[in-house]
Amino acid sequence: MTDASANNSASGKSSLLVQDARTRNRNAVEARFKWYGITAIAIGCAFLILLVTAIAFNGSRAFRQTFVTVPVTLDAAAIEAAEASMMKTSQYRKMIEAALLTEVSEANIETDMDAGKLGDMLSSSAPAQMRDFVLANPDRIGDTVSFDFLTSSRVDGYLKGRVTRESLANDKNLDAAHLDLVDQMRDIGMVEKRFNIDFIIGSDASEERPEQAGMGVSILGSLFMMFVVLFLSLPIGVAASIYLEEFAPKSRWTDLIEVNISNLAAVPSIVFGILGVAVFIQIGHLPKSAPLVGGLVLTLMTLPTIIISTRAALKAVPPSIREAALGVGASKMQSVFHHVLPLAMPGILTGTIIGLAQALGETAPLLLIGMVGFIATNYPTGPIDGFLSPNSAMPAQIYEWAKRADPAYYERAWGGIIILLVFLLAMNVIAVILRRRFERRW
Amino acid sequence: MPFLWILIALIIIASVAFVLGRQRAVQSAGGDSRKLHSLPGFYGWNTAIGAMVPSIAILAGWMIAQPIIVNMSIAPMITSVEASDSATLGLVLSNVTNVSEGLDAAIAAGAITDNEVAALNAETDNIKGLLSQVGKVVGSDITPEILDAARASRNMNATGTLFKTIVVLAAAIAGGAFALTKIRPDLWARNQVESFVRYVLITAASIAILTTIGIVLSLIFNTVKFFGMYSATDFFFGLNWLPRFQGESDLGILPLMWGTVYISIIALLVAVPIGLFAAIYLSEYASKGVRAVAKPALEVLAGIPTIVYGLFALLTVGPLLKSAFGDGGVLGVQWMGSADAAMTAGLVMGIMLIPFVSSLSDDIINAVPQAMRDGSYGLGATKSETIKQVVLPAALPGIVGAVLLAASRAIGETMIVVLGAGAAAQLSLNPFDAMTTVTTRIVAQLTGDTDFASATALVAFALGMTLFVVTLGLNILALYIVRKYREQYE
């Protein structure tokens, strides 16, 4: 007999209905242990919520931008003079500043600033915007056109609560008086925040003009890279999986390939970047920063993922299908390409999309092949240019913004993350739908 | 794009070969395809393969060989550089290539004609300006010698491309015609096509091996070059990391290793308890409904790109930690100098690794046979006692494997540490100090203009080699442990 029952019989007062100290203790340990588990999951979910909130809270601001509405009279003589001068945009700037001053005084807002100082609240992109309009619509010269100019990032930051009067104390561009004006202009609707499509489709801007920067060019860069990844990794990955799953004899060579693939899947992504630098740029002399090189590096990185999921999809097709095909006289190759592969296709596509999503979010190898450190302002002019000329990519652009000194760029980095995550979410949803719609249980 | 045109021409030739091959096969059987060994389409494919394979092989070989041969034959024209000084000669030759490509681009853009190129004078004409008009920026001055070499290389390349086109297309036609003559009703066309496809499949499967070989060779080649400039003992045992581009750098890996290991340990201290307890709860306690919600929620953490975690560390967690532990913080301690710290990066990396640990451990705990649990319950053990004394010991090797895999992930992680850990290479014990890791230094040394000739750039390859060896070792060890353990219960 155990000690426990011996004790109980000795005391003689034990009851099944009353827990003794030891049982209570054991139950307490049990409850505590269960709580550890719940706490762990709660912490995990809390981190997720914190992360999502941080992204949503900080990033959503980037999609709205402050604009100031200024009617500018397109004076033919002034425009002609501006086009004839060396500093074209500075002439346009003077016109805009004068129009802004008139507009402010007509709205009965008192200010003792001159036009130039008042113009500091405008983005330095305003003159170029006006000039582009004039060049595109020469027939409007002489009219008074109402322009929506971007305000400088300080004004935008003030309306978003990022910039305060105190923080402007050391600022050489803007001072508190500007903000008082902005308050009044906002009250009469001259200055307002609205949805800014240029953040999604626009190009990157220089360090001093965060208000103008957009993701458009880097989205295209990512798109070109994904084309390369898709058109290389899908055929190569499927061919490799078919060989390994259907044809490969059990030999040392196939064993070696298999071990290799599972190890490659765990190699840090930055090592693939080093490979890209050494093989494609140092030896292959391919252009630096080009989406083609980025795509090649990401292809090598994605291949193991695609091979692993394709093999799983091929394995899921029951052997009876293969045997039936062989039985009616098909060759091994025909049974695979006519029967097994089509049946495994949904699984293969799901795996490919997930692999692509992984490649889309990958940053480290892109840093090494030089997709950062410059301003991606040029849209590719055609498909060949798109693959070969330097461009950024979504995650590289976010990194670039996070590294810039102006805090206005942080907001854009968060906004960029929202765009990146929307792409990833869409890809994963497509993968899930494909799986739900076409998955067959045998 | 002449290359594109060659490819299109090849595809057209192959399609014609396919049609002809098919026709000829049916004809040779007197119009009755039942007399053929294979389906008529296979004869067509066989002919098309006969046209494509030799011509593409020649094309690939030619494209690799042509620049080498051109460079070798214009090298004697560069008299200003000693032939033995191969590094400088290489620079000059790449300049020549640049100029000749620029001239091609200028002609294509209509900025200059062929005859004007021949009349160009390097001393009097502004060639640089001309080239920059068409978007080709040439770094150094264009001497008459370089211009002459560029003209010669243009001429040679033009001749080469012409011959390439002729030879490749001739090979395609000859190959197709040869395959066509071999067509007989008893030709085993299907078997030939299938064995060709099989070789294609084998080649695809070998790309994995090629990638590994590429990684290893590019690392070894550049690492050896690096150790030619910098002593290996100083690299592996040096306590200082101070790269200077002028030379005289201190490139000791120990401070970087220290930072890497320190941050990884912090990350594992966060990820392993949370991940493990989450896995235990999910596999042993959770109801179906809870599992269906909590498991995907944790796995979402694994699908988020690392740049997002990096930004989260830089802009959210770092400032938050600083407001608690920094100067003038809530806790009144001054442990933290800046928001970039080992703690910031480690904490965020830990969050990233939670799903990694939890889903692997979940699988492993689920693989423990139910009979072992039932036996334990039968002896009167509570659920937690069963888990602690039966399930976990049985799953321990697998869990160790999972932790090792997580550790290898942590060591190789780049974006979080680049953005969150700072750049100061120091051997500090304070987790709130800025530290730097192997991966951040690889990024720092290889970003920007690199010429792959200085020790400060090449050290990145030695660092990459170290990283590769360490993570590979951890992975192999982890996979070995997991595999060994799986065999026990199957």
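The following exercises, with worked solutions, concern the predicted model shown above.

Residues are numbered from 1 along each chain as its sequence is written, and chains are lettered from A in the order in which they are written. In this predicted model, local features need pLDDT of at least 70 and side-chain atom pairs count only at pLDDT 80 or more, whereas totals for chains, interfaces and linings use all residues.

**Exercise 1.** Determine which residues of chain B face chain A, and of what character they are.

Solution. Begin with contacts, defined by C-beta atoms, placed from the backbone, within 7 Å. By this criterion, 66 residues of chain B are in contact with 66 residues of chain A. Next, assign them to helices, which are DSSP runs (H or I, at least four residues) numbered from the N terminus. Helix α7 (residues 189–229) of chain B gives the most to this side, with 19 residues. Finally, sort by class, with Ala, Val, Leu, Ile, Met, Phe, Trp, Tyr, Cys and Pro as nonpolar, Asp, Glu, Lys and Arg as charged, and the others, Gly among them, as polar. The side of chain B that touches chain A then has 43 nonpolar, 19 polar and four charged residues.

**Exercise 2.** Establish the strand order of the open sheet in chain A and identify its edges.

Solution. Take strands as DSSP runs (E, at least two residues), and pair two strands if DSSP finds at least two bridges between them. The order is β2-β1-β3, with antiparallel pairing. Strand β1 (residues 64–73) of chain A pairs with β2(A) over seven bridges. β2 (144–150) and β3 (191–195) of chain A each have a single partner strand, so one side of each lacks a neighbour in the sheet.

Methods
Two residues are in contact if their C-beta atoms, placed from the backbone, lie within 7 Å.
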